[in-house]
Number of protein chains: 2
Amino acid sequence: MRNFVFHNPTKYVFGKDTVKKIGEEIASFDSKKVLLVAGGGSIKKNGVYDTVVDSLKKHGIQWVELWGVRPNPVLSKVREGIEIAKKENVDGVLAVGGGSVIDTAKTIAHGLFIDNVWDMFVDSSKVPDSALPIYVVLTISATGSEMNGGAVITNEETGQKWAFSSPLSYPKVSIVDPTVQFSLPKKQTANGGSDALSHILEAYITGKSTDTTVYYDEGLMRSIIDNIDTLMVDPRNYEARASFAWAATLALNGISSKGLAGDWLSHAIEHAISAIYPDVAHGSGLAVVHPAVLMYRRKHNPEILKRWAQQVWGENTIEGGIERLRAKYKEWGLPISLKELGVKPSDWQSIIDKTVELGWGDLWEPITPQVVEEILRYADI
Amino acid sequence: MRNFVFHNPTKYVFGKDTVKKIGEEIASFDSKKVLLVAGGGSIKKNGVYDTVVDSLKKHGIQWVELWGVRPNPVLSKVREGIEIAKKENVDGVLAVGGGSVIDTAKTIAHGLFIDNVWDMFVDSSKVPDSALPIYVVLTISATGSEMNGGAVITNEETGQKWAFSSPLSYPKVSIVDPTVQFSLPKKQTANGGSDALSHILEAYITGKSTDTTVYYDEGLMRSIIDNIDTLMVDPRNYEARASFAWAATLALNGISSKGLAGDWLSHAIEHAISAIYPDVAHGSGLAVVHPAVLMYRRKHNPEILKRWAQQVWGENTIEGGIERLRAKYKEWGLPISLKELGVKPSDWQSIIDKTVELGWGDLWEPITPQVVEEILRYADI
């Protein structure tokens, strides 16, 4: 086990009928006027927006709005938000949405304290020491951003999908009401399942068989698989929605990785792909890439991959476990090959270059073009 | 799944060679003079005391000392600490020890802000809104007090072993270096294992088979069993010490219980026993009581107990699982019957009365004398 620090100060408020608490929570942190960040408008259809603004009004909190954050959120939208936040003199940022909305909000919250916000993605020493407080009402469980200090943004000008992290990026409060996810399309639920499983796997495959974290990560993965299975046939099942929502948060709030090193090569390759193909959902990209990375990682940690195949899938071989993972993704309606994802062979080189440039995943060896190409071949089925 | 709030602000610093960071951490929270609370002196033998005071000196932090906290910590020692803290005008409390030392420190930290500190144990509305900041260097993994807001103290005058909790009882920082536990007697390691398993079981047996928390609790329990097994033959095994230490923290920092109701009847009966027999270690008391409570709870949640028997022990019946738990405790050198614990039949009535008075464990039915007696009979083997 590696040394680690676990310090997650987010207040996580979970359960039925909790969205209406957002005004009271924001007031308790003394914010008076927030920038409400949102996506394409689904929160107006499912009632979440009305509940949020009623709660803000009730607690005397003013707000201005930034709409139109899309999956694979972009830097131009962040810049738009920073301008509004400055002009309107807000003292907090409220994300009402999924990971893309939250990551946009986190970046805006820091962007007021740095001249060029992209600089902090390029050079982590430039992350400012100040940020507006961040509040979250979660509407899609997937990225775990509701309880961690990271954010991923795509710079459309440079074609880079990069990340930053900061202790000030932990939301002060995140409200997670699983019932607001009842109306999600099946594909989004499945993408969330793939994303959460990937977050756990990135850490898990760097573990040892004695690690406590390895033991409970297996429980987390099994819960995600079983509960997403339920949601594929019964999307309004509260127990399954709730269990998946909590598992998706635990998948990336520090719990699933403490004491382990972390790989992140699957995420690097997926970021390269969706930087080129912005319509590729993160979870779908990971469904294609992660099984291929596991095939490649057999030589690096066979002990833990064999354990994973046995404990999570009841299979005796690593290959058997990976096949089961792919079959599960297919069953959930996710793509499992680069072709199904729409990736053209002519873009392989660009994917390879971007992955190598990002530089994640070098725990066992440097990430060379050859490494990435070998993994892409495993995904070319 | 039940609604819940997870908000654990403790900064948890884990790993080899971390004790020396305590001065820097305390300084970062602006404490200038702390009350150092400790037990019987083992920290002077294993070098922890020297490392702590060197670090305090290096960072210009003054301290005064309170020694002699014993297992099943007592109110008189708390009162002694409050007097010193007042007289010496300290602005923080530093626990260097295990759960008893931490709980004494937590109570002292609140005791400066209430006339009679026992009042807050009797009436939770009297817990003060202020407390000195609490810092921890952990030397025995067992109670989880290093990362939660609770404390248990025995009032020697009334014979009550009772608890209080407060958001201000979460330590600001807890440092957990597994290597300082290399020299623990086997019995204490085994007691820690029993205590941690009990914390998980109190929550787990109130769960449903769909609950994410149930899934990863099984992983936590299996890790504890496997790693304590290792420590029984190889007490200086770092990986096992580290994995057990992290698991014992997770067993009672909120993670193992979120979304579940919690039973706590085993703890109620054990508190009654060790209030009468102060030499009974908490973990040993639980090793006797918890299997008996599980026998009794078969009628209340057979689904989850059957799952537990299968997932944790590979047994097909609840009784088979409970037998395996008892056999494991016996293998670790723990008592498994009231007789082995030294409990006299003439004290049963007093144990029953104290358990009923404490009032924990009434999720499924009121706790009557008949209920407690039936459980004691299951422990009378």
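These are my notebook entries on how the chains, domains, sheets and helices of this predicted model fit together.

**Ground rules**

I treated this as a predicted model, in which local features need pLDDT of at least 70 and side-chain atom pairs count only at pLDDT 80 or more, while totals for chains, interfaces and linings use all residues. Residues are numbered from 1 along each chain as its sequence is written, and chains are lettered from A and ligands numbered from 1 in the order in which they are written.

**Entry 1: chain A against chain B**

I looked up the contact between the chains and found 36 residues from chain A and 36 residues from chain B. Contact here requires C-beta atoms, placed from the backbone, within 7 Å. On the chain A side, β1 (4–6), β2 (11–14), α8 and α9 (238–250) each supply at least two residues. Helices and strands are DSSP runs numbered from the N terminus (helices H or I, at least four residues; strands E, at least two). The most comes from α8(A), with 9 residues. I sorted the chain A side by class and got 16 nonpolar, 11 polar and 9 charged residues. For the classes, Ala, Val, Leu, Ile, Met, Phe, Trp, Tyr, Cys and Pro count as nonpolar, Asp, Glu, Lys and Arg as charged, and the others, Gly among them, as polar.

**Entry 2: the α8 pair**

I then took helix α8 (residues 212–233) of chain A with helix α8 (residues 212–233) of chain B; their axes come within 7 Å and cross at roughly 155 degrees. Axes are lines fitted to C-alpha atoms, for helices over the stretch in contact, and angles run from 0 to 180 degrees between N-to-C directions. α8(A) and α8(B) are therefore roughly antiparallel to each other. The angle classes are: under 35 degrees roughly parallel, over 145 roughly antiparallel, 65 to 115 roughly perpendicular, and the rest oblique. The crossing of α8(A) and α8(B) is right-handed, that is, the near helix is turned clockwise from the far one by less than a right angle.

I listed the residues that meet: Thr212, Tyr215, Tyr216, Glu218, Gly219, Leu220, Arg222 and Ser223 from α8(A), and from α8(B) B:Thr212, B:Tyr215, B:Tyr216, B:Glu218, B:Gly219, B:Leu220, B:Arg222 and B:Ser223. These residues divide into 6 nonpolar, 6 polar and 4 charged.

**Entry 3: sheets that take a strand from the other chain**

I followed β1(A) and found 3 bridges joining β1(A) to strand β2 (residues 11–14) of chain B, the two running antiparallel. Strands pair if DSSP finds at least two bridges between them. A:Phe4 has B:Phe14 as its bridge partner in β2(B).

The open sheet that holds this pair has 7 strands with mixed pairing, in the order β1(A)-β2(B)-β9(B)-β6(B)-β5(B)-β3(B)-β4(B). β1 of chain A and β4 (62–66) of chain B stand at the edges with a single partner strand each, so one side of each has no neighbour in the sheet. On average, neighbouring strands are turned by 20 degrees against each other, direction ignored. Helix α5 (residues 99–111) of chain B packs on this sheet and touches β3 (33–37), β5 (92–97) and β6 (134–138) of chain B, at about 170 degrees to β5(B).

I also read off an open sheet of 7 strands in the order β4(A)-β3(A)-β5(A)-β6(A)-β9(A)-β2(A)-β1(B), with mixed pairing. Its edges are β4 (62–66) of chain A and β1 (4–6) of chain B. Inside chain A, 4 bridges join β6 (residues 134–138) to β9 (residues 173–176), which run parallel. A:Leu138 stands opposite A:Val176 in β9(A). Helix α3 (residues 48–58) of chain A lies across β4, β5 and β6 of chain A and runs at about 155 degrees to β5(A).

**Entry 4: α4 and α5 of chain B**

I checked helix α4 (residues 75–88) of chain B against α5(B): the axes come within 9 Å and cross at roughly 50 degrees. That makes α4(B) oblique to α5(B). Their crossing is right-handed. The contact is made by B:Lys77, B:Val78, B:Gly81, B:Ile82 and B:Ala85 of α4(B) with B:Thr104, B:Thr107, B:Ile108 and B:Gly111 of α5(B).

**Entry 5: domains of chain A**

The domain assignment gives chain A domain 1 (11–179) and domain 2 (185–378); such bounds come from an automatic or database assignment. Their centres, taken over C-alpha atoms, are separated by 26 Å. I found 19 residues from domain 1 and 25 residues from domain 2 in the contact.

Methods. Two residues are in contact if their C-beta atoms, placed from the backbone, lie within 7 Å.
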